[in-house]
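Subject: Structure handover

Hello,

Here is the structure I promised to pass on. Please open it alongside this note, and then read on for what was found.

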Amino acid sequence: MTRRVALLLSLGALLLAALIVNVVRSEDGLAPPTPRVAPSTGSLTATPLDGEVASRAGATTAGPVGRSVCGTAVLRSPYDYTGPAGPYRSGTAGLPTFGEPGTDFPHAKAGRVLPPETADYENWQLEPDTVYYLAPGVHYGSFSANSGDVFVGGYADGRGSVLDGQYRRFTAIDSNITIGEQTNVTIQYLTIQKFTPYVDQTAINQTGAGGWQLLNSTVTLNVPGGGMFAATDAILRDNCLTMNGQYGFQASETIRGDSLTGGPYNVWIENNEISYNDTCGLSGLLQNESLGWRDYNPVPEQYRNPHCGVVEGNGNQGGFKLWATNGVMIRGNWIHHNWGVGGWADTNNANTTWTGNTITDNENGGIWEEVSYNFSITNNYLARNNLTDGPDNPEFPMPAIYVSESGSDTKNGGVPPCAMPSCIASGMPGYPGVSVIDGNTLVDNGGGIFLWQNSDRYCNDGFDSVCTLPRGGEKGPFSMAGCAANLPDATLNRSTYVGEVTGSPPQNYWDGCMWATQNVTVSGNRIDFNPANIPGCTEEAWPACGANGIFSQYGGPNENAEGADVPTQITFFQNNRWTRNVYNGPSTFYVWNQGNPENPVSWAQWTAPLTDHIPCTSGAQRSSGSCLGPFGQDAGSIFRPDAAPSPSPSQ
């Protein structure tokens with residue numbers, strides 16, 4: 001669930017589209033957009049942005065691109081069998097081996113070759129722990145898997161294995177949970193395309209069974225929903241997730257949920273290429289009169305899949321989204337040209353790691369952490385994100401890394417690392433003391449790094465259907481019932497700016513019932529910003545272009561609140577710190593109150609050290625909403641507003 005406080009979605013993705021597409025006839029006579037196919041793999045290919053188009057867009061092309069997966073050899077199956085269909089023995093030439101230690105699939109007990117044909121397999125037609133080899137060619141159909149099943153493709157005579165839904169089937173590979181959870185299914189070396197899951201549903205693992213693996217596969221052209229549900233103990237590695245209607249994947253639906261969050265846990269997302277998702281336009285239409293935008297559709301016409309049907313833009317889209325997860329590793333992926341956010345942790349996610357990713361050219365921000373806990377964002381490269389959604393919301397900072405009501409709680413018992421056995425066994429990290437944004441390189445994004453806290457986002461606010469996670473989540477005092485009973489009378493100590501202990505049972509309900517941006521360290525990052533490289537980055541069209549900072553808006557969780565309470569908490573009392581960053585170019589800084597007329601504040605105001613007297617707390621400041629600072633941030637940092645950023649920044 002998301003609240004978009006003055007936040008919508010991204011010109012850059014439109015202008016920076018990087019696929020060459022052809023229109024081909026589909027089986028039902030329509031002509032959906034289909035990218036060029038690489039004959040070596042049967043997978044999609046991407047090509048660099050045409051130099052002339054890039055010049056017109058004012059786009060930068062400097063800096064690294066991510067590791068390509070789409071259309072590369074990593075998707076090509078090593079299996080080349082094209083003989084008779086039916087059961088086979090392990091060791092048959094050209095087929096996957098199984099059943100022994102050291103074989104391809106040691107847990108499997110049988111193997112079966114399936115020829116290219118039209119067939120839908122119910123689970124009673126399949127055996128558990130069986131390798132199903134889909135021979136090279138197009139398979140029109142779907143599968144209802146049993147536990148331990150393997151669906152693996154081949155490659156021969158220039159053809160890979162394709163599972164095609166013909167835009168007539170909702171799911172590609174799922175399972176029948178009426179007979180129990182079907183776990184540990186593996187999908188490898190397949191192209192899975194043209195299925196029609198509903199919005200917020202997926203073509204793969206719609207039921208949310210645990211332990212599913214998607215490896216070396218292409219998932220594309222599935223609309224209007226997404227590609228796959230990454231449920232508990234899921235692994236997505238070396239895949240091309242591209243041109244799906246809503247997301248490349250989601251982590252939300254699961255049968256075995258985490259003891260704290262209730263959602264998937266121990267999820268590994270590594271070395272994938274996640275691109276051009278939300279072709280159905282759930283990001284919605286954009287507005288900016290200065291740029292001539294009236295109900296502007298950011299999805300270029302050639303990417304709009306005619307099989308989307310009529311969908312309503314709801315803000316839930318992009319490369320991928322996490323909901324109520326605990327322990328997700330997002331490592332080494334190339335996340336680019338998605339409409340919406342590149343990667344979004346939205347609502348009660350805990351202990352999420354983002355590291356070593358290349359995140360570029362997404363319509364909205366590159367990384368969002370929203371109403372979540374305990375995250376680490378380190379050593380990522382982010383470029384040209386939020387160039388479209390920024391002008392749609394020109395007065396509000398639209399950054400590459402956006403933190404909204406998220407951080408590490410230290411006031412109310414905290415949120416521990418994932419305690420589920422598979423998280424512990426896999427070494428999944430956690431961040432209960434501090435959330436970290438460190439060592440990232442940001443180049444020519446619509447904005448840099450921004451910490452925001454919505455002053456009226458709290459448990460039982462009528463918008464969120466879940467409650468906060470400290471002290472055991474719904475099992476603790478900060479449940480829906482506990483906050484409904486106690487938050488209306490909660491008070492804030494305006495000397496310490498920590499909530500008073502009140503209510504029954506006695507707790508700090510002020511802080512415990514609110515999602516808060518707290519204990520976030522922003523350090524060692526490099527932010528290169530050149531307005532000349534960003535379309536629409538002018539005072540008239542987009543005044544907040546290039547912004548960083550930290551603020552809330554006037555408001556509060558109950559009638560005892562004064563308007564400046566939450567802005568003062570997030571800015572001065574919740575241990576949010578910038579240090580040792582480097583800013584090349586004229587980045588700006590917004591702080592304290594969203595309506596502060598001093599915004600953007602000067603570098604001197606932003607960095608001047610705090611004294612014993614905390615600013616923004618006088619009666620005049622609180623009533624006027626205006627504060628000059630100082631704000632005590634970016635100690636040891638470097639600001640070079642006139643610097644020309646390096647033409648080829650390294651990651």
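Are Asp346 and Lys321 buried or exposed? Both residues are buried: Asp346 is, and Lys321 is too. Please keep in mind that this is a predicted model.

**Confidence**

Start with how far to trust the coordinates. The mean pLDDT of the protein is 89. Of its residues, 89% reach 70 or more. Two stretches need care. Over residues 1-62 the pLDDT stays under 50. The model has 199 contacts beyond four places in sequence for residues 1-62. Residues 647-651 also have a pLDDT below 50. That stretch has 20 contacts in the model beyond near neighbours in sequence. Where pLDDT is low, the predicted coordinates should not be read in detail.

**Salt bridges**

Back to the opening pair. The structure holds 18 salt bridges. One of them joins the side chains of Asp346 and Lys321, with N to O at 3.1 Å. Asp346 sits in strand E29 (residues 341-346) and Lys321 in strand E26 (residues 318-322), so this salt bridge ties together parts that are 25 residues apart in sequence.

Next, Lys411 and Asp511. Their side chains meet in a salt bridge, at 3.4 Å from N to O. Lys411 is in the loop between strand E35 (401-404) and helix H4 (421-426), while Asp511 is in helix H6, so the pair ties together parts that are 100 residues apart in sequence. The two partners fall into separate burial classes. Lys411 has a relative accessible area of 22%, so it counts as partly exposed. Asp511 has a relative accessible area of 8%, so it is buried. The cut-off for buried is under 20%.

Then there is Glu562 with Arg494. The closest N and O atoms of this salt bridge are 3.9 Å apart. Glu562 lies in the loop between strand E43 (547-552) and helix H7 (565-573), and Arg494 in the loop between strand E39 (492-493) and strand E40 (498-499), so the pair ties together parts that are 68 residues apart in sequence. Glu562 is partly exposed, at 38% relative accessible area. Arg494 is partly exposed as well, at 33%.

Some salt bridges share partners. Glu370, Glu405, Arg457 and Asp464 are joined into one network in this way.

**Disulfides**

How many disulfides does a search of the whole structure find? The count is 7. A disulfide is a covalent bond between the sulfur atoms of two cysteines. Here are three of the pairs.

Cys459 and Cys467 are linked, with their sulfur atoms 1.9 Å apart. The torsion about their S-S bond is about -115°, so the disulfide is left-handed. Cys459 and Cys467 are both buried.

Cys483 is joined to Cys513, with 2.1 Å from S to S. This link is left-handed too, with -95° about the S-S bond. Cys483 is in helix H5 (residues 480-486) and Cys513 in the loop between helix H6 (509-512) and strand E41 (520-523), so the disulfide ties together parts that are 30 residues apart in sequence. Both Cys483 and Cys513 are buried. Helix H6 also holds Asp511, the salt-bridge partner of Lys411.

Cys537 and Cys545 form another disulfide, and their sulfur atoms are 2.1 Å apart. Why is this disulfide called left-handed? The torsion about the S-S bond of Cys537 and Cys545 is about -110°, so it is left-handed. Cys537 and Cys545 are both buried.

**Strand E10**

Finally, take a look at strand E10 (residues 150-153). Which residues point one way from E10, and which the other? Val150 and Val152 point one way. Phe151 and Gly153 point the other way. All of these residues are buried. In a regular strand the side chains alternate between the two faces of the sheet.

E10 has pairing partners. Strand E8 (residues 130-134) pairs with E10 in the parallel sense over 4 bridges. Tyr132 has Phe151 of E10 as its bridge partner. Strand E13 (residues 186-188) and E10 also pair in the parallel sense, over 3 bridges. Within E13, Ile187 is the bridge partner of Phe151. Phe151 therefore makes a good place to begin when tracing these strands: its bridge partners include Tyr132 and Ile187.

Best regards

Methods: Residues numbered from 1 in each chain as written. Predicted model: local features only at pLDDT ≥ 70, side-chain atom pairs only at ≥ 80, totals over all residues. Heavy atoms only, no water. Buried < 20%, exposed > 50% of the residue type's maximum accessible area, 1.4 Å probe, protein only. Helix = DSSP H or I, 4+ residues; strand = E, 2+ residues; numbered from the N terminus. Pairing = 2+ DSSP bridges. Disulfide = S-S within 2.5 Å. pLDDT = per-residue confidence, 0-100. Contact = heavy atoms within 4.5 Å. Salt bridge = Lys/Arg side-chain N within 4 Å of Asp/Glu carboxyl O.
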